[in-house]
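Visitor: Could you walk me through this one, a piece at a time? I would like to hear the reasoning behind each reply.

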Amino acid sequence: MSSGMALIFMEQGFDTVLHVRSEASMQRVRNNISASLPADVQAGKITRQQADAMLDNLRFSTDMQVFADCDLIVESIIEDLAIKQDYWEQVSRVVSDDCVLATNTSGLSINRICERVRGKHRFLGMHWFNPPHLIPLIEIIRGEETDARSVQLVRDIAVQIGKKPVLCQKDAPGFIANRIQYAILRECMEIVERGIASVEDVDAVMKYSLGFRYAALGPFEVADFGGLDIFYHISEYLSPDLSRAEQPQKLIADCYAAGNYGVKTGKGFYDYSDGRDKQAIARRDRLFAQLYQALYGPESNAEPKEDME
């Protein structure tokens, strides 16, 4: 995530430095950025010449003092509350009083992460989506003490780097996107476990119907176009039959117990062994780049970014 986020800032001309733990981490991030650049070139976001120049101007540091002159710090370390708390406690004592602090967490409590931060008013969530250099959305999550200036600054920067910011007004588990994503996944697994459809056919329904719609319209817009009377009557008989699982379901629990975590381990709901992992990643990035170009590229009719309340 950090490599893709740094890539976006560099593409937009920000003076960007990556704080890494070791020389090994530095090389890994450099390699990740190098591998991501072709997709951005294909999406029309940068030229090949710009890509080469960015690689030549990458800045890294293993010294936390590098934060002393920063205006914005975006952290993307392991999703572990204690580790994030320790990290931010140290960072908040190095930076200037005006520096805004943002954590890229998928669902950990913003209020808990910043418990030991000096200057909680300038701390908030800035949730990116993988791969961050291709997915437009950024969730901005307001903590209990986050001030309006910090929210506005991060919102303005998100727009400046070509992202679509949305504001999560309170620190709720999962924020906005993951609450929706996990509700969808829960029902998808319910469908498979009940023998209604296969994993492959559930994915096909999302890619060729629902996902196709949602690339252009949100669920409330889809309902408006379909007719709220129709959606109301369907919800009367369908809602009682939908999953109400409150614990991880068997389909994902079995994968977890077997150590099958998806692409990263070579097997999940699908098989990614024997080089299929690299093929899957390349295909994903190619499709995302094409979709980005179609929806938001220079030849598209994408709507202008709206102001966030």
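Guide: Gladly, and one definition comes before the rest: helices (H or I, at least four residues) and strands (E, at least two) are DSSP runs, numbered from the N terminus. Please also keep in mind that this is a predicted model.

Visitor: Thanks! Where is Pro 131 found?

Guide: The peptide bond leading from Asn 130 to Pro 131 is cis, and its omega is near 0°. As for its place in the fold, Pro 131 sits in the loop between strand 5 and strand 6.

Visitor: Is His 133 buried or exposed?

Guide: His 133 is found in the loop between strand 5 (123–127) and strand 6 (137–142). Leaving out residues up to four places away in sequence, His 133 touches Gly 4, Leu 7, Ile 8, Ser 36, Ala 39, Asp 40, Lys 45 and Lys 163. The cut-off for buried is under 20% relative accessible area. His 133 has 3% relative accessibility, so the class is buried.

Visitor: Which helix gives the most to the largest nonpolar core?

Guide: That core has 18 residues, and those with the most contacts inside it are Phe 67, Ile 73, Trp 88, Val 91, Val 95, Leu 101 and Phe 123. Helix 4 (81–91) and helix 5 (110–113) each supply at least two residues of this core. The one that gives the most, with three residues, is helix 4.

Visitor: What is Phe 67 in contact with, leaving aside its neighbours within four places in sequence?

Guide: Phe 67 is among the residues with the most contacts inside the largest nonpolar core. With those neighbours left aside, the contacts of Phe 67 are His 19, Ile 73, Tyr 87, Val 91, Val 94 and Val 95.

Visitor: How many residues does the second, separate core have?

Guide: Among the members of this second core are Ile 8, Met 126, Ile 138 and Val 151. Ile 8 also appeared earlier, as one of the residues that His 133 touches. The size of the second core is 17 residues.

Visitor: Which helix supplies the largest share of the lining of the second largest pocket?

Guide: About 210 Å³ of space lies in this pocket. Its lining includes Arg 179, Tyr 182, Arg 186, Glu 246 and Ile 252, and by class it has seven nonpolar, two polar and three charged residues. The largest share, six residues, comes from residues 177–193, that is, helix 7.

Visitor: Phe 175 has a positive phi. Is the residue buried or exposed?

Guide: Phi of Phe 175 is near 55°, in a residue other than glycine. Phe 175 lies in the loop between strand 7 (164–168) and helix 7. Its relative accessible area is 2%, so Phe 175 counts as buried.

Visitor: And Asp 274, buried or exposed?

Guide: Asp 274 is not a glycine either, yet its phi is positive, about 55°. Its place is the loop between helix 11 (250–257) and helix 12 (276–296). The cut-off for exposed is over 50%. Asp 274 has 74% relative accessibility and is therefore exposed.

Visitor: Which residues form one aromatic cluster?

Guide: Searching the whole structure gives six aromatic pairs. The members of one cluster are Phe 9, Phe 14 and Trp 128.

Visitor: Last one: how many Å apart in space are Asp 52 and Tyr 214?

Guide: Asp 52 belongs to helix 3 (residues 48–56) and is partly exposed, with a relative accessible area of 38%. In sequence, Asp 52 and Tyr 214 are 162 residues apart. In space, C-alpha to C-alpha, they are apart by 35 Å.

How values were computed. Residues numbered from 1 in each chain as written. Predicted model: local features only at pLDDT ≥ 70, side-chain atom pairs only at ≥ 80, totals over all residues. Heavy atoms only, no water. Core = buried A, V, L, I, M, F, W, Y, C linked by side-chain atoms within 4.5 Å. Buried < 20%, exposed > 50% of the residue type's maximum accessible area, 1.4 Å probe, protein only. Contact = heavy atoms within 4.5 Å. 1 Å grid on protein atoms, 1.4 Å probe; cavity = no way out; pocket = protein on both sides within 12 Å on 5 of 7 lines; lining within 4 Å. Points joined across faces, edges and corners; volume = space filled by probe spheres on them. Nonpolar A, V, L, I, M, F, W, Y, C, P; charged D, E, K, R; others polar. Phe/Tyr/Trp six-rings, centres within 6.5 Å; stacked < 30°, edge-to-face > 60°.
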